[in-house]
Amino acid sequence: MMKSDIARARLLMVAALAVIGSTTLETPSVWASENVVVPDGPQAGQLWDPSLTPYIVEPLDMMAQDSPVNEIAIRKSAQTGFTMMGLAASAYMMVNEPCKAMFVQPTQGALHAFNKEKLMRVIEQSPAIAAVVRDQTSRSGDASTTFSKQYPGGSLMLALASSSADLRGRTVRWVVNDEVDEYPKDLNGQGSPLGMIAARQEAFLVSGDWKRCYISTPTILEESEIQTRFEDGDQRYWMMPCPACGEDFHFEFDREAFRFNDTYPFEAHYVTKCCGGVIESHQKNRLIKTGKWVPTASRPGAYPSYHFDALTSPFVPFDVIAQRYIEARDNPSDQKTFHNLTLGLPYENSGDAPDHERLFKRRDKSMASRIVPNGGVILVGGADVQGNGIYVHVKAYGPGGQSYVIDADFLEGDTTDHRAGAFAKLEEYQRRDYKFEAGGRASAIRFPIDAGFRTHVVYGYVRDHVQMGAMAIKGDDGWNKPSLGAPRPQDVNLHGKRIRKGVQLYSVGTWPLKGVHYSNLRKDMLDDGDFPHGYVHFSWGLPLEYFKQITGEYLAEETHLGRIRRIWKPIPGKENHWLDCTIYSDAVADGHLGLNALDEDDWRDLAAEYGVGLGGELADEGLFTPPSAKLAKGKSGRNADEAAPREAAPTAPRPGFTSSHRKLF
């Protein structure tokens with residue numbers, strides 16, 4: 001629509017409002033279907049059609065002033081249309097029930113994207129809304145800004161959940177909290193952002209006309225805000241009549257009900273539990289249009305809370321869901337993504353520590369100490385500094401999510417001088433190179449060192465050894481932290497300016513990584529002698545103490561900010577230093593080197609680059625054939641636990657391995 005058309009429509013709308021007033025008897029969903037233009041997606045540029053996403057009609061109408069409820073919560077999977085609900089609710093409020101309002105986003109990037117790609121397009125393309133929202137170019141003192149949309153009777157502030165300045169101050173009646181699971185749990189020591197937002201609505205508690213909406217895809221069960229909000233509500237599901245018997249049901253991800261082949265073609269379909277009626281993927285969208293919201297936990301004081309996921313979404317075919325499940329089932333990180341983005345459910349970490357004695361017995365006799373077995377390509381170290389020495393280990397990573405612990409040691413000595421004592425031994429350890437069964441040899445290309453203890457001593461060591469791959473890191477508690485955060489400069493001059501090539505400190509999201517680590521430790525060799533994604537191989541020479549330490553923590557419950565949450569705690573009587581080492585290695589492998597995102601061709605390129613295999617050549621039975629019980633059997637037919645450790649064959653030096661190769665990362 002041209003700007004001139006919008007201007008003419010605006011004049012007509014203003015004139016009409018002057019005659020009939022701004023009130024309307026239409027519900028928000030009816031009004032939106034007549035006035036709100038979809039900003040993006042397949043229906044971009046068209047009026048919103050509620051028949052395509054009928055499940056957002058009820059929660060949208062709940063946001064009207066005459067609705068009998070004050071708050072609602074929506075637990076959802078990705079790409080379900082509920083962003084459109086928030087936009088339509090905002091548009092209805094601005095035109096028909098103007099007030100001081102706020103729309104809160106979790107990050108600066110999300111805030112900018114929402115304004116530019118969603119809200120402004122709705123305003124500009126929908127004449128009824130453009131007629132009341134003041135231009136940003138207006139010279140009047142009440143003009144709109146990028147993050148404040150002004151209209152007669154109020155304004156809509158676009159706020160940042162991590163900004164205390166945004167969340168404190170003026171009173172608001174109407175609030176949408178988007179993606180609440182990504183909000184910080186404690187904002188600058190002032191408490192929960194959601195608590196600060198609720199405080200801004202206290203003036204409306206007496207009149208009872210305040211509105212508050214929580215929308216989010218869940219993350220980790222231990223800290224999921226939307227999970228708590230959903231459970232506090234009446235827990236509504238989109239119920240549909242079974243085509244075979246007419247009994248109401250809702251789609252659930254249950255392999256007994258949701259059936260598919262484990263390989264392509266998946267032929268996914270749904271079998272209802274009421275009578276065994278079969279629903280094919282192409283029948284889903286027609287069935288969705290017959291549904292309705294039904295509460296499953298009605299009780300006094302329970303507000304409407306909604307669950308909606310990809311199984312019911314008209315945008316996601318059954319086969320796509322089946323494929324996502326198959327691709328994720330062996331990888332804890334992918335399982336979390338599947339639970340969150342496809343099922344709309346929080347992911348629960350298993351907190352029981354694996355049995356260290358079982359892991360000790362699982363050591364592979366075919367893996368000689370300090371020899372990189374077939375399958376290992378990239379070596380990453382890890383160090384945890386203590387008062388009487390430094391715990392270290394080296395882990396090899398390869399295709400299929402496989403990893404191989406090939407070395408672990410304790411470097412005893414003083415740790416107060418970064419050029420003497422245990423740190424001098426650490427330099428020697430970093431220079432240690434390892435032979436590859438497939439040919440070649442190398443040392444670890446990255447060596448993260450915990451800077452949480454003897455901080456400035458660690459900085460001094462890293463400053464001297466950064467060219468050897470030394471990295472200063474520090475653990476960061478919390479379930480929504482990335483594997484490895486962006487580096488922060490620690491070396492500055494007297495004027496506060498960063499010193500070029502100074503020390504960079506990386507934060508490590510230890511809590512989710514520990515969940516993945518424990519999940520991987522529980523995996524066993526498959527019946528065919530192969531290994532699942534994420535399987536951890538242990539060399540024969542690792543001591544029992546190593547296994548005690550890598551299982552040295554458990555998930556405990558504590559009360560935090562008035563809520564029960566799960567946190568990692570050391571098991572009494574167990575140390576956890578080698579656990580820290582392996583978490584640091586995994587963080588760098590994933591967050592810094594990006595090894596989890598590589599496909600088989602990428603691994604072959606890396607192996608050739610680093611000279612794995614004699615002369616850099618790769619054999620089919622070499623790099624991509626990890627050790628297994630099948631391979632450990634000799635001509636005599638001995639089992640893996642009977643086989644003696646193999647001596648490494650003489651190998652050629654790993655050709656061309658220089659610091660220039662580190663530039664790949």
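Two strands pair if DSSP finds at least two bridges between them. I start my notes with that rule, as I went to the sheets early on.

**Ground rules.** I am reading a predicted model, in which local features need pLDDT of at least 70, side-chain atom pairs count only at pLDDT 80 or more, and totals for chains, interfaces and linings use all residues. Residues are numbered from 1 along each chain as its sequence is written, and side-chain values use heavy atoms, with hydrogens and water left out. Helices (H or I, at least four residues) and strands (E, at least two) are DSSP runs, numbered from the N terminus.

**Confidence.** I looked up pLDDT, the predictor's confidence in each residue, from 0 to 100. The protein chain has a mean of 84, and 85% of its residues reach 70 or more. Among its elements, strand 13 (residues 305-308) has the highest mean pLDDT, 98, and helix 20 (residues 629-632) the lowest, 33. I marked residues 1-24, where pLDDT stays under 50, and residues 613-665, where pLDDT also stays under 50.

**A small sheet.** I found an open sheet of 3 strands in the order 14-18-19, with mixed pairing. Strand 14 (371-372) and strand 19 (441-442) stand at the edges with a single partner strand each, so one side of each is left without a neighbour in the sheet. Strand 18 (residues 434-436) runs antiparallel to strand 19, joined by 2 bridges. Here K435 stands opposite R441 of strand 19.

**Strand 2.** How many of the 6 residues of strand 2 are buried? I noted 5, so strand 2 (residues 100-105) is largely enclosed by the rest of the structure. Buried means under 20% relative accessible area, exposed over 50%, and partly exposed in between (1.4 Å probe, protein chains only). Strand 2 pairs with strand 4 (residues 154-160) in the parallel sense over 6 bridges, and A101 stands opposite L156 there. Strand 2 also runs parallel to strand 5 (residues 174-178), with 4 bridges; V104 has N177 as its bridge partner in strand 5.

**Helices 15 and 18.** In helix 15 (residues 455-465) I listed buried residues, including V457, Y459 and H465. Their cover includes helix 14 (421-431) and strand 21 (470-476), with contact meaning heavy atoms within 4.5 Å. Next I turned to S585 in helix 18 (residues 577-592). S585 is buried, at 0% relative accessible area. Leaving aside residues up to four places away in sequence, S585 touches V380, G381, G382, H393, Y397 and P448.

**Salt bridges.** My rule was a side-chain nitrogen of Lys or Arg within 4 Å of a carboxyl oxygen of Asp or Glu. The count comes to 20 salt bridges. One of them joins R236 and E58 (2.6 Å, N to O). R236 lies in strand 7 (residues 236-241) and E58 in helix 3 (residues 57-61), so the pair ties together parts that are 178 residues apart in sequence. R236 is buried, with a relative accessible area of 14%, while E58 is partly exposed at 24%. D234 forms a salt bridge with R236 too, with the closest N and O atoms 2.8 Å apart. E58, D234 and R236 are thus linked in a network of salt bridges.

I closed with E427 and R431, whose side chains meet in a salt bridge (3.0 Å, N to O). Both belong to helix 14, and being 4 residues apart they are separated by about one helical turn. E427 is partly exposed at 27%, and R431 is exposed at 54%.
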